[in-house]
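Welcome, and please load the model into your viewer. We will go from one selection to the next, with a short note on what to look for at each stop.

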Amino acid sequence: MPTKARITVENVSVWFPLYHGSARSLKKTVAAAASGRLAHDQQQRIVVRALRDIDLRLNSGDRLGLVGSNGAGKTTLLRVLAGIYEPVIGRVRVQGSLNALLDPSLGMNMELTGRENILLRGLYNGLPRSMLPRLEEDVAQFAELADFMDLPMRIYSAGMVVRLGFALATAIKPQILLMDEWFLAGDAVFLEKARHRLEEMVRGADILVLSSHQADIIKDWCTRVLWMDQGQIRADGPAEQVLAAYLGQAPVALTEVVPA
C-alpha cells in the first residue's frame, strides 16, 4: 500500500551568501538591505534571507498555489520542497513519491542523448528495467524530436530541451507534484498538448504545489493560495480570498495569515 502523501514545513529559513563581484550583486545587496532581508551567518558573511520562518502543512487532496512578486521566495520554496535547497533553520518532511517540474533540464546530462537521459531518469525513479521501453516510447512520442533523440542534448535548441524535459517530467506519475511556470514555454501546438497532459497529471496527484503569475491558472487548478512577500508568508487561505487580496481587490494586513 503506497505511503499517504504529506508535506510538513516547520520554521524553515533559507539564506544565500552575497558576493560583490558585479553590479548585479550590488543591486541585489541594495534591494535586500532596503527590504530588511540582509543578515550575517556564522562565518560572518553577508547573506540574503530568501525564506524566513516558513510553516506549512499539506495533506492528500491539497492544491496549493504560490503567488507573489519576483524575488518573493516562490521558486526557493519549491526547491526546498523538492530537496534541492537545504534549510539553514527548520526542517522539511515529505512523505510520498515526488516529481518537480521546476526547470526544463533539471536532472538531465546535456552531454548524453535524449534517449540516454530517459533511461537514466527511469532508473533514478526506481522503475524496473521491463518498464523502461514503455517510458522511452511515451516520452519520444510526446516530445516529437525524431532523430534528435539519439543526439547529444547540448546541440538541442531551447525549445527542444523544454519539449523533452516536459515529456520526461510528466511521464512518471507522482503522489506529490511541484510545478513552476516554465511548463508554459513552447509553441502554441505544443502548449495545447502540454496542457492536456498536465491536467491529467494534476488530477492524478495527491498534492499539487504550483507557482505562477497567471491568476487564471491558479484559479483553475488550486483551492488554496499562499501569498509570498519578501521571503515570508503574507497570507494563506482559500484561493479566491487570497487572490483577491493579492490582486488588490480586497484588503489584507501585512502579517495576516488567513486560516486554510
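**First stop: Lys74**

Select Lys74 and show its surroundings: leaving out residues up to four places away in sequence, Lys74 touches Leu66, Val67, Gly68, Ser69, Ser211, His213 and Met228, where contact means heavy atoms within 4.5 Å. Lys74 lies in helix 2 (residues 74-81); helices (H or I, at least four residues) and strands (E, at least two) are DSSP runs, numbered from the N terminus. Is Lys74 buried or exposed? With a relative accessible area of 7%, Lys74 is buried. Here buried means under 20% relative accessible area, exposed over 50%, and partly exposed in between (1.4 Å probe, protein chains only). Now add Ser212 to the selection: Lys74 and Ser212 are 138 residues apart in sequence, yet 8.8 Å apart in space, C-alpha to C-alpha.

**Before going further**

You are looking at a predicted model, in which local features need pLDDT of at least 70 and side-chain atom pairs count only at pLDDT 80 or more, while totals for chains, interfaces and linings use all residues. Residues are numbered from 1 along each chain as its sequence is written, and side-chain values use heavy atoms, with hydrogens and water left out.

Colour the model by pLDDT, the predictor's confidence in each residue, from 0 to 100. The protein has a mean pLDDT of 83, and 80% of its residues reach 70 or more. Then select residues 253-260, where pLDDT stays under 50 and the model has 21 contacts beyond four places in sequence. Where pLDDT is low, the predicted coordinates should not be read in detail.

Switch to a cartoon view of the whole protein: there are eight helices and ten strands. Of the 260 residues, 47% are buried. Among contacts between residues at least 6 apart in sequence, 69% join residues at least 24 apart.

**Further along helix 2: Arg79**

Go back to helix 2 and pick Arg79, which is also placed there. Arg79 counts as buried, at 18% relative accessibility. Apart from neighbours within four places in sequence, Arg79 is in contact with Ile84, Tyr85, Leu102 and Asp103. For a distance to display, try Arg79 to Asp180: they are 101 residues apart in sequence and 9.8 Å apart in space, C-alpha to C-alpha.

**Helix 3 and its buried side**

Next, select helix 3 (residues 114-124) and highlight Gly114, Asn117, Ile118, Arg121 and Gly122, which are buried. Why do they sit on the same side of helix 3? They cover an arc of only 135 degrees around the axis, the arc being that of the directions from the helix axis to the C-beta atoms. Show helix 4 (132-143) and helix 5 (158-169) as well, for the buried residues of helix 3 pack against both.

Zoom in on Gly114, which has 0% relative accessibility. Beyond four places in sequence, Gly114 touches Met149, Leu151, Met153, Tyr156 and Leu164. Gly114 and Gly165 are 51 residues apart in sequence and 9.4 Å apart in space, C-alpha to C-alpha. Just after helix 3, stop at Gly126, with a positive phi of about 80 degrees.

**Helix 8 and the cavity**

Move on to helix 8 (residues 239-246), whose buried residues are Ala239, Val242, Leu243, Ala244 and Ala245. Around them, show strand 4 (63-67), helix 7 (215-221), strand 9 (224-229) and strand 10 (232-238), the elements they pack against. Gly248, just after helix 8, takes a positive phi of about 80 degrees.

Now select Val67, Ser212, His213, Gln214, Ala215, Leu243, Tyr246 and Leu247, which line the largest cavity. A cavity is a set of points on a 1 Å grid over the protein atoms alone where a 1.4 Å probe fits but cannot get out, and lining residues have an atom within 4 Å of a point. The volume of the largest cavity, about 30 Å³, is the space filled by probe spheres set on the points, which are joined across faces, edges and corners. The lining divides into five nonpolar, three polar and no charged residues; Ala, Val, Leu, Ile, Met, Phe, Trp, Tyr, Cys and Pro count as nonpolar, Asp, Glu, Lys and Arg as charged, and the others, Gly among them, as polar.

**Last stop: two backbone angles**

Finish with Gln230, in the loop between strand 9 and strand 10. Its phi is near 55 degrees, a positive value in a residue other than glycine. Then select Asp53 in strand 3 (residues 46-59), where phi is likewise positive, near 55 degrees.

Definitions and conventions: On a 1 Å grid over the protein atoms alone, a cavity is a set of points where a 1.4 Å probe fits but cannot get out, and a pocket is an open set with protein on both sides within 12 Å along at least five of seven lines; lining residues have an atom within 4 Å of a point.
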